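Please open the model in a viewer and keep the sequence at hand. The stops below are meant to be selected in the order given.

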Amino acid sequence: TNIISPLADTSDISLSLNDSKLTIHESRNASSSAVAEFDNKGNATLSGTLTSSGVNTGEATISNQLSVNNLSANNASVAGTLRADRIIANNIEGLDSRIASIAATFSNQSQSSVSGNLSLQPLTTNYEPITNFVDISSFSASFATFHEGLIAFGPTTLEQLSVLDSISIGTNFTISSNSINLLGGDLEIQPLRQGGVSFLAGAVKIEADGNLKVNENAEFAKDVRVMGTLSANVISPLPQQDLNVTLPDSSLNVQDGTGNKVLSVNQVGDVTASGSGTFGKLNLSFASPAYAINDTQAVATGSAGTAVLKKYRTEVTIYNPLITKDSLIYITPVGTTTSILSLLRQTPNTLYTQGSFTVGANSIAGQDIQFNWMIVN
């Protein structure tokens, strides 16, 4: 048979025999996932936990990590060679005597090439007493190589220092070949403010008082906020883009040398200036015709526009909410007419009256008279 499975419907296991391999599946279905495999070479693959009272092997290789949650055996033996990148143990028997032997050999070999004393003495730390270490506090040599590491508990003076990998200060600060990192805090440079910081031979410099000087161009990917004064000789838009000034809830003000406001533009487009204005051409985009209610009345909302005095009529009234008591209203007839048009009266716009102005003719005309009007407040 190729498939072996229990008779019970509640069982979740099956065996399959394919080619040279025995496979254990996680359900009765032979196409389900395999949890263990054994081939005719003796190789085994397990997706779960291996529990055994003992394991004998001629050679073992662990490519990633070996984790043991509970080891019930008191002793473990390795008959061959045990290779590991790192071993952490409370006690390794025979290691102290081995280190003492190596240190004694090193001491005997170095007596002829050192000046000072090379001694072995115990060192007590906060954990376990360490014995038989090499004290090089008075060691002097032209060149020394340390294969396992060097620990200095006092000040160290180095004329030149070359580091192949990285420098660690404490547990949070590291300096590598192309980066400086501080974990869990702010990296401070010149916190005593006894001098500035210069980058690229002064191309960018931060003075001790906090002033930033950049001798070349500066580009910002996002917003720049200036709480003080922004000084510039030229303000120019980006290539192929407009120069926009956004006024969400404030005004754009221009002041003179004494701080007095001489020009102001608010968020709705109102312009207030204390001086005169010179224009090559003035275009009033808000000029529109007055819409007639009847032969003698019309309605308009703009500051300028056109209207018609009907024939056989002597006046026309145009209602406009922009009229104030100080409004200057200019009337200009269009074309040739024998009648003279004039402003007869104006009524300011208030809460109780509707603003309007009335244009009249000195005589009754036999044809319609078209005229332009403009309100200046």
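Begin with S288 and G305: G305, in β20, is the bridge partner of S288. Please note that the model in view is a predicted one.

Next, extend the selection to the strands around this bridge. Strand β20 covers residues 304-309, and β17 pairs with β20 in the parallel sense over two bridges. β17 itself consists of residues 288-289.

From β20, proceed to strand β25. These two strands, β20 and β25, are paired in the antiparallel sense, with six bridges. To locate the pairing, select T306 and N372: T306 stands opposite N372, which belongs to β25.

Now add β22, residues 328-333. Strand β25, which runs through residues 369-376, pairs with β22 over six bridges in the antiparallel sense. A useful pair to display here is Y330 and M374, since M374 in β25 is the residue opposite Y330.

With these four strands selected together, the arrangement can be viewed as a whole. They make up an open sheet with the order β17-β20-β25-β22, and the pairing is mixed. Which strands stand at the edges? They are β17 and β22; each has a single partner strand, so one side of each is left without a neighbour in the sheet.

Remain with β25 for the next stop and display the side chain of W373. How many aromatic pairs does a search of the whole structure find? The search finds one. F357 and W373 form this pair, which is tilted, with 5.5 Å from centre to centre and 55° between the planes. F357 is in strand β24 (residues 356-361) while W373 is in β25, so the pair ties together parts that lie 16 residues apart in sequence.

Are the two rings' residues buried or exposed? F357 counts as buried because its relative accessibility is 0%. W373 is likewise buried, at a relative accessible area of 2%.

For the final stop, turn to the surface and select L82, I87, I92, L95 and I99. Together these residues form a nonpolar surface patch with about 470 Å² of accessible area. Within the patch, centre the view on L82, which is found in the loop between β5 (44-46) and α1 (95-110). L82 is classed as exposed because its relative accessible area is 62%, and the cut-off for that class is over 50%.

Terms used. Residues numbered from 1 in each chain as written. Predicted model: local features only at pLDDT ≥ 70, side-chain atom pairs only at ≥ 80, totals over all residues. Heavy atoms only, no water. Pairing = 2+ DSSP bridges. Patch = residues over 30% accessible without salt bridge, like charges linked within 9 Å, V, L, I, M, F, W, Y side chains within 5 Å. Areas by Shrake-Rupley, 256 points an atom, 1.4 Å probe, with all protein chains shown as cover. Salt bridge = Lys/Arg side-chain N within 4 Å of Asp/Glu carboxyl O. Buried < 20%, exposed > 50% of the residue type's maximum accessible area, 1.4 Å probe, protein only. Phe/Tyr/Trp six-rings, centres within 6.5 Å; stacked < 30°, edge-to-face > 60°.
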